[in-house]
Amino acid sequence: MSKGKSLKKITTDIKRKIEIKGIEYDCKLDMNALAELEDIYGDFQLAFARFKEKPNTTVRAIIYAVIKKEYAEKACIKESEVTIGEIGSLIELKDLSRLCELVGQLINDSFPEATENIEELEELEELEETEEKK
C-alpha cells in the first residue's frame with residue numbers, strides 16, 4: 001500500500017430492526033441486498049444516488065432488498081417468489097418517513113462516503129444541466 005492512499009472500506013452486514021404491519025424484520029444491508037439492488041438498478045450505488053430524486057421508489061427497492069429473505073422465511077414461501085410489489089404493498093404511507101430515515105441510516109452506516117459521492121453526483125448533474133442550457 002502506498003503512502004497517502006487510504007482504502008475505502010465497505011461495511012456490510014449492518015442490521016437495524018423495523019416493524020412493518022406488526023412484524024419485525026432485521027434490515028440487513030449485506031451482500032445479498034446489494035446484489036438485489038444491482039439487479040434492480042444495474043449498480044447498487046445508483047439506488048443510493050436516486051434516493052433524493054425518487055425517494056418512494058428507492059425506499060421500496062431498498063426495503064425489498066433488505067427484508068426479502070426474512071419475509072420469505074416468515075411467509076413460508078420461496079425467496080424467488082417474493083416480488084418488489086408484494087413488499088411495497090406492506091409499506092403504508094404513514095411509515096414512509098420512518099423508512100426513509102432507516103434507509104438513510106443504513107446507507108450512512110454501510111457507506112460513510114456515500115453521502116459525499118451522492119453530493120458530487122448531484123453537483124455534476126447540475127453543471128451538465130447548466131451547460132446544456134447555454
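A nonpolar core is here a set of buried Ala, Val, Leu, Ile, Met, Phe, Trp, Tyr and Cys residues that are joined through side-chain atoms within 4.5 Å. In this predicted model, the largest such core holds 35 residues, and the members that touch the most others are Leu37, Phe48 and Ile63. Strand 1 (14–20), strand 2 (23–29), helix 1 (31–41), helix 2 (44–49), helix 3, helix 4 (84–90) and helix 5 (96–110) each contribute at least two residues to this core, and helix 3 gives the most, with ten residues.

The order of these elements can be followed along the sequence, where the protein chain, with its six helices and two strands, runs in the pattern β-β-α-α-α-α-α-α. Of its 134 residues, 37% count as buried.

Helix 3 spans residues 55–75 and includes Thr57, a residue that counts as partly exposed because its relative accessibility is 39%, a value that lies between the limits of 20% for buried and 50% for exposed. Thr57 and Ala47 are ten residues apart in sequence, and their C-alpha atoms are 9.3 Å apart in space.

Turning to the surface, Glu126, Glu129, Glu131 and Glu132 form a negative patch. One of these residues, Glu126, is located in helix 6, which covers residues 114–133. Glu126 has a relative accessibility of 52% and therefore counts as exposed, since that class begins over 50%.

How values were computed. Residues numbered from 1 in each chain as written. Predicted model: local features only at pLDDT ≥ 70, side-chain atom pairs only at ≥ 80, totals over all residues. Heavy atoms only, no water. Patch = residues over 30% accessible without salt bridge, like charges linked within 9 Å, V, L, I, M, F, W, Y side chains within 5 Å. Areas by Shrake-Rupley, 256 points an atom, 1.4 Å probe, with all protein chains shown as cover. Salt bridge = Lys/Arg side-chain N within 4 Å of Asp/Glu carboxyl O. Lys, Arg positive; Asp, Glu negative; His and termini not counted. Charge placed at Lys NZ, Arg CZ, Asp CG, Glu CD. Helix = DSSP H or I, 4+ residues; strand = E, 2+ residues; numbered from the N terminus. Buried < 20%, exposed > 50% of the residue type's maximum accessible area, 1.4 Å probe, protein only.
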